[in-house]
Structures are given as C-alpha cells and as structure tokens.
Amino acid sequence: MARRLGCSRNAVCGMLTRLGLKRDGHKPPTATPQIRPRPKLRPTSSAACARPVARKVSRNTVQRQPPKEFSKQQLYSMLAEAVKNTG
C-alpha cells in the first residue's frame, strides 16, 4: 500500500487510523500469558563442595613507592637538558 501511494508505512498506518479503518494483520493477543514460578535450585552435591577453591590474589598487595622528590636545581638541570635535546 505504502509503495503504491508513494509514502512510508507509518504514514499509511496514520491515514488508516484517522479514517477509522482497521489494519489487516494486526491482531490483538487472544490468550492472557500465564506467569510461571521460578524454578527451584537443586542443592549441590557434597563432591562439588569438596573441591579446593583457588585463592584470590589482591592487586593491592604491591607496595607503591612515593614519587621521588627533586631539588629545584635538579629540576632546572633536567629542564635545560630537555631543551638542549629538542632544539
């Protein structure tokens, strides 16, 4: 229909709604859905519980050292060397 009229499908649906006509192929649900209860979990076997569990290693175990502090003279000499290397 939309191709023959030269417009989009949504435009045709809007025209049908405004004219009070029903769309073919659009059927309301006939049955109400039934809500099923969640399945109950089975208890685990004792063999599964007997397996050793791998230990978790924390990432925070490594001690970080505080940043090295430089004197003013060392900073100036590093800056002068960097300028010498770039220029």
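Here is a walk through this structure, from the whole chain down to a few residues.

Start with the fact that this is a predicted model. The protein chain has a mean pLDDT of 77, and 68% of its residues reach 70 or more. That confidence isn't spread evenly: it is lowest in helix α3, residues 46–50, at a mean of 59, and highest in α4, at 88. Where pLDDT is low, the predicted coordinates shouldn't be read in detail. Keep that in mind when your eye lands on α3, where the mean is 59.

Now for the overall layout. The protein chain has four helices and zero strands, and reading along the sequence gives you the pattern α-α-α-α. How much of the chain is buried? Buried residues make up just 5% of the 87 residues. The accessible surface comes to about 10200 Å², and carbon and sulfur atoms account for 55% of that.

Let's look at helix α4, which runs over residues 72–86. Its 15 residues should span 21 Å at 1.5 Å a residue, and the end C-alpha atoms are indeed 21 Å apart, so the expected and modelled spans agree. The number of buried residues among those 15 is zero, so α4 lies largely in the open.

One residue to pick out on α4 is M78. With a relative accessibility of 39%, M78 counts as partly exposed, because that value falls between the cut-offs of 20% and 50%. M78 also belongs to a nonpolar patch on the surface, which it forms with F70 and L75. Together, the three have about 270 Å² of accessible area.

Next, head back towards the start of the chain, to the cysteines. How many disulfides does a search of the whole structure find? The count is zero. Take C7: the closest cysteine sulfur to its own is the one in C13, and at 9.7 Å that is too far for a bond, because a disulfide needs the two sulfur atoms within 2.5 Å. Looking from the other side, C13 has its closest cysteine sulfur in C7, at that 9.7 Å, so no bond forms there either.

The two cysteines also differ in their surroundings. Is C13 buried or exposed? It is buried, with a relative accessible area of 14%, whereas C7 counts as partly exposed at 28% relative accessibility. The cut-off that separates them is 20%, because buried means under that value.

Finally, place C13 in the fold: you'll find it in helix α2, residues 9–19. C13 and A2 are 11 residues apart in sequence, and their C-alpha atoms are 9.1 Å apart in space.

Terms used: Residues numbered from 1 in each chain as written. Predicted model: local features only at pLDDT ≥ 70, side-chain atom pairs only at ≥ 80, totals over all residues. Heavy atoms only, no water. Patch = residues over 30% accessible without salt bridge, like charges linked within 9 Å, V, L, I, M, F, W, Y side chains within 5 Å. Areas by Shrake-Rupley, 256 points an atom, 1.4 Å probe, with all protein chains shown as cover. Salt bridge = Lys/Arg side-chain N within 4 Å of Asp/Glu carboxyl O. Helix = DSSP H or I, 4+ residues; strand = E, 2+ residues; numbered from the N terminus. Buried < 20%, exposed > 50% of the residue type's maximum accessible area, 1.4 Å probe, protein only. Expected span 1.5 Å × (residues − 1). pLDDT = per-residue confidence, 0-100.
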